[in-house]
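Me: Could you take a close look at one part of this model for me and then work outwards from there? I'd like the cut-offs spelled out as you go, please.

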Amino acid sequence: MIQKLRALSAEYDMLPAGVLVLCAVSGGADSMCLLHLLHTLAPEGGFSLRCAHFNHNLRSAESDRDEEFVRAWCEERSIPFFRGSADVRAEAVRTGRGIEETARALRYAFLERTAEEVGAARIATAHTADDNAETLLLHLVRGSGLQGLTGIPPRRGKVVRPLLTATRAEVEEYCAAHDIAYVEDSTNADEGYTRNFLRRRVMPLLEQTNPRAVEHLSAAAGRLRSDNDYLNAQAAQAAAQGRVTPNGLVMEAGLLAALPDPVASRAVRQ
């Protein structure tokens with residue numbers, strides 16, 4: 001587990017010495033594993049650690065329980081703790097968006113705002129290889145193009161995912177080996193949420209076919225990401241030939257027509 005984290009971190013410059021890292025922690029096994037790992041590695045890595053917890057107020061007393069659990073864990077280890085909250089359900093109704101989409105948007109807005117306030121150069125989230133595999137499948141069944149099939153990026157700006165190559169089983173083994181307590185989110189059993197249905201029904205069937213299905217799907221997303229990055233780089237060269245005129249942005253039709261379709265479409269979007 002630690003070796004996987006170190007390798008991915010080095011490849012994407014996730015935890016450079018001298019920076020402040022804000023770790024997003026829900027209280028579940030994945031995020032508690034990440035918080036423990038970062039707390040353990042901070043002295044030798046030369047980075048500072050802060051913890052951020054967002055209360056979605058979707059599970060009444062259980063949501064408050066999770067917040068207090070994370071706060072107490074951090075206080076015992078002198079890890080500075082920051083919290084945020086919102087009425088996700090009310091905001092979803094107001095905007096007409098789904099609960100999951102709204103919760104994610106509010107959570108990341110809080111993390112970005114907190115990182116700015118405390119001077120954090122990195123925001124670490126606890127996405128695992130299982131999350132990556134599930135994301136690829138969700139996008140595949142929705143008919144996504146290559147961009148959607150690249151899964152969860154290991155790094156996007158200051159947001160980093162140090163556990164992205166570790167499986168959920170490895171996370172649980174780490175928590176058990178280091179006696180790391182965590183809380184269970186009761187909504188994880190609600191198969192009305194698409195991701196929960198995929199996680200509880202579909203993934204076990206795939207693992208019956210291939211016990212390493214999670215690892216292989218996550219690795220496939222990584223290979224597709226490399227292909228997509230290459231196509232985007234090729235498109236950037238073509239897009240750079242566009243020019244601004246009094247009538248707007250112009251690209252020569254002949255230039256676009258000469259490009260392979262996957263490159264041309266990306267050049268236009270860029």
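Reply: Happy to start with Glu134, which sits in helix 6, residues 129-141; helices here are DSSP runs of H or I with at least four residues, strands are runs of E with at least two, and both are numbered from the N terminus. Bear in mind that this is a predicted model, where local features need pLDDT of at least 70, side-chain atom pairs count only at pLDDT 80 or more, and totals for chains, interfaces and linings use all residues. Residues are numbered from 1 along each chain as its sequence is written, and side-chain values use heavy atoms, with hydrogens and water left out.

Glu134 has a relative accessible area of 2%, so it counts as buried (under 20% is buried, over 50% exposed and in between partly exposed, with a 1.4 Å probe and protein chains only). Its side chain has two arginine partners: a polar contact of 2.9 Å links it to the side chain of Arg199, and another, at 3.4 Å, to the side chain of Arg168. A polar contact here is a pair of N or O atoms within 3.5 Å; within protein, one must be able to donate a hydrogen and the other to accept it, and residues adjacent in sequence count only if both atoms are side-chain atoms. Setting aside neighbours within four places in sequence, Glu134 is in contact with Arg168, Arg195, Leu198, Arg199 and Met203, where contact means heavy atoms within 4.5 Å.

Now for the helix pair around this spot. Helix 6 packs against helix 8 (residues 194-209) at an angle of about 100°, and the axes are 10 Å apart. Those axes are lines fitted to C-alpha atoms, for helices over the stretch in contact, and angles run from 0 to 180 degrees between N-to-C directions. The two helices are therefore roughly perpendicular; that label covers 65 to 115 degrees, while under 35 is roughly parallel, over 145 roughly antiparallel and the rest oblique. From helix 6, Asp131, Ala133, Glu134, Thr135, Leu137 and Leu138 take part, and they meet Thr194, Arg195, Leu198, Arg199, Met203 and Leu206 of helix 8. The residues of this contact divide into six nonpolar, two polar and four charged (Ala, Val, Leu, Ile, Met, Phe, Trp, Tyr, Cys and Pro are nonpolar, Asp, Glu, Lys and Arg charged, and the others, Gly among them, polar).

Helix 6 also leads us to Ser218, in helix 9, residues 213-239. Ser218 is buried, with a relative accessible area of 10%. Not counting residues up to four places away in sequence, it touches Ala129, Asn132, Ala133 and Leu164. Ala133 is also among the helix 6 residues that meet helix 8.

Two loop residues make a nice contrast with buried Glu134. Asp179 lies in the loop between helix 7 (168-177) and helix 8, with a positive phi near 55° although it is not glycine, and it is exposed at 72% relative accessible area. Ser78, in the loop between helix 3 (61-76) and strand 3 (81-85), is another non-glycine residue with positive phi, near 60°, and at 66% relative accessibility it is exposed.

Finally, the cysteines. There are zero disulfides, a disulfide being a pair of cysteine sulfur atoms within 2.5 Å. For Cys23, the closest cysteine sulfur is that of Cys51, 6.2 Å away and so too far for a bond.
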